[in-house]
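User: I have a model open and want to go through its secondary structure. Can you take me through it?

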Amino acid sequence: MITALAAVPVGVAPRALDRLAAHLRRTGTVLLTPGPWPGAQLRLEVTASRWGGLGDGWGKLTGRRARVTVTGRGSAARSRSAELWLPAADGTVTAAAPDAAALAEGPASGPDRAAAFG
């Protein structure tokens, strides 16, 4: 089981950061922040996304297909990407089926924006 701590740190002193990092390592807790964090081991970033479900001026959003890229330090220095539904139609996070053209052109615009979602 992984414990996660979601936080928005503001103006944390370097010594306090060191103590927090030691505590997180000791307890096996993951710190999730919405922005950069000094000394982070990994960084997750949505590098492309496209919403699905809309027609030509009608419909409702049913899911967001996103390319998530992870970069890191040390042994995780080589970046890797995966395409996920954030969220899927049922509200969960799931892996997207391979589709080479789905996010190749970046964020969708215009009437064909839902074409990649079937």
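Analyst: First a term: helices here are DSSP runs of H or I with at least four residues, numbered from the N terminus. This is a predicted model.

User: OK. What phi does Gly-28 take just after helix 1?

Analyst: Gly-28 takes a positive phi, about 70 degrees.

User: And how many residues does helix 1 have?

Analyst: Helix 1 covers residues 14-27, which makes 14 residues. From first C-alpha to last it reaches 20 Å, close to the 20 Å expected at 1.5 Å a residue.

User: Now the sheet. What order do the strands have?

Analyst: The order is 3-4-5-6 in an open sheet of four strands, and the pairing is antiparallel.

User: Which strands stand at the edges?

Analyst: Strand 3 (42-54) and strand 6 (94-95). Each has a single partner strand, so one side of each is left without a neighbour in the sheet.

User: How many bridges join strand 3 to strand 4?

Analyst: Eleven, with the two strands running antiparallel. One pair to look at is Trp-51, whose bridge partner in strand 4 is Arg-64.

User: What about the hairpin of those two strands?

Analyst: The hairpin of strand 3 and strand 4 has four residues between the strands, and Gly-57 there takes a positive phi near 85 degrees.

User: And over how many bridges do strand 4 and strand 5 pair?

Analyst: Strand 4 (residues 59-72) and strand 5 (residues 80-85) pair over six bridges, in the antiparallel sense.

User: Which residue in strand 5 is the bridge partner of Val-68?

Analyst: Ala-82 is the partner of Val-68. Arg-65 stands opposite Trp-85, also in strand 5.

Key
Residues are numbered from 1 along each chain as its sequence is written. This is a predicted model: local features need pLDDT of at least 70, side-chain atom pairs count only at pLDDT 80 or more; totals for chains, interfaces and linings use all residues. Side-chain values use heavy atoms; hydrogens and water are left out. Two strands pair if DSSP finds at least two bridges between them. The expected span of a helix is 1.5 Å times one less than its number of residues.
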